[in-house]
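The following paragraphs lead through a single protein chain, from its overall build to a few individual residues. Please keep the sequence and the model in view while reading.

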Amino acid sequence: MTYQPQLPAGFSLIELQTVGSTNDHARVLAKSGYPANTIVWAHEQTAGKGRQGNTWTSVPGNLYMSLILRPEIAAALTGQLSFMAAVALAETFRELLPVTVQINLKWPNDVLLNDRKAAGILLESEVNGDKPVEWVVIGMGINIAGAPEGAVSLAELGGKQRQAGEVLEILASRLKSLHEVWLKSGFEPVRAEWLGYSRNLGTTINVRLPKQTLTGTFTGLDAQGALQLLLPDGSQKSISSGEVFLG
């Protein structure tokens, strides 16, 4: 029997058996006026999406969901919500996994368990010129029962046996709490917690950009969530998009 999640007050759930992509479905709903805190949850995706046009493999038994928000902020600040989602995922995993499992966040939006990817985040928004964004959709996929090659699932790491609906219930609660913190206090407390889980803070990393690869020390995040890289010549580089690898 499928577990039906109990969501926080003010949240609503649209449950689908099969969908191409929960993000695509949520975007259509957001454009048609569905309110903030609407969650689209699918048991199966046939065209799941990852970052930079990659596909997200939809293994049966995993969690596939997208959350609609209407934050009324400048487009430059929407990336903060991706870090909020990453912290919510890390907190959810901490509740579900043995304390021996290492939980890390890798810029820009990977969630790692014992150095293997266990969850993904895809943020999409509606931008209309200089006006505040009309909506933001945060898509999240969690490997609960199984994982693609090279990734890891909660089941592999001794996580409590949970259905996707149970994990969604915990995650929604964390998202609500962190969103309230973000609304009240801004990005700083979310940023600080993200850095506490950071995989590479203070270490030498390589950042692959479209036309070059930079090597330097990862020193933190700026107010928009851009990676701060200290280069060998002593200069500081702010990077808003790229792929990170260990140095």
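Of the 247 residues in the chain, 49% are buried, where buried means under 20% relative accessible area, exposed means over 50%, and partly exposed lies in between, with a 1.4 Å probe and protein chains only. The model is a predicted one, in which local features need pLDDT of at least 70 and side-chain atom pairs count only at pLDDT 80 or more, while totals for chains, interfaces and linings use all residues. Residues are numbered from 1 along each chain as its sequence is written, and side-chain values use heavy atoms, with hydrogens and water left out.

Four helices and 12 strands make up the secondary structure of the chain, the helices (H or I, at least four residues) and strands (E, at least two) being DSSP runs numbered from the N terminus. The chain is as compact as a globular protein of 247 residues, because its radius of gyration of 18 Å is close to the 18 Å that the globule rule gives for that length; the radius is taken over C-alpha atoms, and the rule is 2.2 Å times the number of residues to the power 0.38. Along the principal axes, the C-alpha atoms fill a box of roughly 60 × 45 × 35 Å. Among contacts with a separation of 6 or more, 65% join residues that are 24 or more positions apart, a contact being heavy atoms within 4.5 Å.

Turning to the interior, the largest nonpolar core has 63 residues, and those with the most contacts inside it are Leu63, Phe93, Leu113, Ile142 and Trp194. Such a core is a set of buried Ala, Val, Leu, Ile, Met, Phe, Trp, Tyr and Cys residues joined through side-chain atoms within 4.5 Å. Helix α2, residues 79-96, supplies the largest share of this core with 11 residues. Apart from this core lies another, of 11 residues, which includes Leu16, Val19, Val40 and Trp135.

Trp194 itself, leaving aside residues up to four places away in sequence, touches Phe83, Ala86, Val87, Leu105, Lys106, Trp107, Phe218 and Leu221. One of these partners, Lys106, lies in strand β4 and counts as buried because its relative accessibility is 16%. With the same exclusion of residues up to four places away, Lys106 touches Leu112, Trp194, Arg199, Asn200 and Val244.

Some details of the backbone also deserve attention. Most residues other than glycine have a negative phi, and most peptide bonds are trans. The peptide bond from Trp107 to Pro108, however, is cis, with omega near 5°, and Pro108 is found in the loop between β4 (103-106) and β5 (110-113). Glu72, although not a glycine, has a positive phi of about 55°; this residue is placed in the loop between β3 (63-69) and α2 and, at 65% relative accessibility, counts as exposed. Asp115, likewise not a glycine, has a positive phi of about 70°, is placed in the loop between β5 and β6 (116-125), and counts as partly exposed at 42% relative accessibility.

A last residue to locate is Ser21, found in the loop between β1 (12-19) and α1 (22-31). Although Ser21 is in a loop, its 3% relative accessibility means that it counts as buried. Ser21 and Ala155 are 134 residues apart in sequence, and their C-alpha atoms are 24 Å apart in space.
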